[in-house]
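Visitor: I should like to go through the reasoning behind some structural labels. Please show me the model.

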Amino acid sequence: MSNMRFSCDPKPFLLLFFLVVVASADVAILRTDYYQKTCPDFNKIVRETVTAKQVQQPTTAAGTLRLFFHDCFLEGCDGSVLIATNSFNKAERDDDLNDSLPGDAFDIVTRIKTALELSCPGVVSCADILAQATRDLVTMVGGPYFDVKLGRKDGFESKAHKVRGNVPMANQSVHDIHGMFKKNGFSLREMVALSGAHTIGFSHCKEFSDRLYGSRADKEINPKFASALKDLCKNHTVDDTIAAFNDVMTPGKFDNMYFKNLKRGLGLLASDHILIKDNSTKPFVDLYATNETAFFNDFARAMEKLGTVGVKGDREGEVRRRCDHFNKLDV
C-alpha cells in the first residue's frame, strides 16, 4: 500500500467557512418566521393596519397588489418603487408608466412602517412590509392564501429611466409581455395566472381609450360594454383621473370572473383581451374561467415565486428608516 498523508491544517476549512458566511450575506435567505424573535408582533401589526385601511378605502387591496408587482419586476422585490424623487434622482414611481400607481398603496406601507418602528425600530424592511401587506389584502378580498417568506432588504437604487421595458404595457403583444415575465423566471401559464390580478382594481381611460374611438376601435369588445365605456371616458382628455373597473361584474371581489369576462368580450385592456385571442394563452383562460380552484392554486404559487424575484441580502440592501428614501439621505 502506498503511504497516504492527511493534512490536519485547519486553514482550508476556515477559509471555506469564511467564504460561505460572506456568500450568505450577499444572498437573502428568506423564511416565514424571519421576524419571530426580532419583531414578534410583525404579523399582528400588518394584519390590523391593512384591515383598517381596506375598510376605510376598498381600492387599497388592488392598488397594493399592483404596487408589489411593479416593485418586483424592476430590480427585484426591494422596495425601490417606494422611493421618492429628489433633486438628484428621478425615482421609479415618477416614470410615466408608474404615474397611476395609487396613493393608497403607498399610504398603507407608510402606516405599517410607522407602527413597526414604534414596536421594533430598525428591524423590518419596507420590501417585506409591501410583500406581507399584499398577501393579507388579497386574502381579505376573497383571494387565496399564500406563504410570504421574509428577510428581504431594501435596495439602494430607484431609477425612473429603467422602468420602460421592464413593466408590461396595455398595448403589447403576448410575446412581448411574456418576454418580461420569462426573464423573471415565469412560464406562460404563470403569466396568465398573475394577469388574473385584474379581477380587482381599475384602469384609467387613457389605458384603453384607443380601443373605443375612431377607425381603429376594437370591434371585439362587447357592444354594450363599449358604449358604457365611451360614455364614461368621453372627457378623459380633460380629466385623466377617470377610470373603469378591470372586472365590471365583481370589481371588489377576488375571484375568477376576470377570465369569464374575457370570454364575453368584457376585457378592459387590450393586454387582457389578447389573452383569449392568442392560441398560446387561450387554454389557460378557458381553464381558469371554468375552474376557480385551479386559478387560485396557480395564482398562489406564482405569487410566492414573485416574492422571491431579485431579493437583496445584507450587502445589497438595508432596512430603511423611512420607506420613501434611502438611509444615506437621512440627517
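Visitor: How many aromatic pairs does the rule count?

Guide: The count comes to 16 aromatic pairs, where rings of Phe, Tyr and Trp (its six-membered ring) pair if their centres lie within 6.5 Å; planes under 30 degrees apart count as stacked, over 60 as edge-to-face and the rest as tilted. This is a predicted model, in which local features need pLDDT of at least 70, side-chain atom pairs count only at pLDDT 80 or more, and totals for chains, interfaces and linings use all residues. Residues are numbered from 1 along each chain as its sequence is written, and side-chain values use heavy atoms, with hydrogens and water left out.

Visitor: Why is the pair of F73 and F186 called stacked?

Guide: The centres of F73 and F186 are 6.2 Å apart and their planes 25° apart; since pairing requires centres within 6.5 Å and stacking requires planes under 30 degrees apart, the pair is stacked.

Visitor: What makes F254 and F295 a stacked pair?

Guide: For F254 and F295 the values are 5.8 Å centre to centre and 5° between the planes, which meet those same limits of 6.5 Å and 30 degrees.

Visitor: How do you know that H70 is buried?

Guide: The relative accessible area of H70 is 8%, and buried means under 20% (exposed is over 50%, partly exposed in between; 1.4 Å probe, protein chains only), so H70 is buried.

Visitor: What makes the charged end of K305 sit over the ring of F186?

Guide: The charged end of K305 is 5.3 Å from the centre of that ring; the rule asks for NZ of Lys or CZ of Arg within 6 Å of the ring centre and within 35 degrees of the ring normal.
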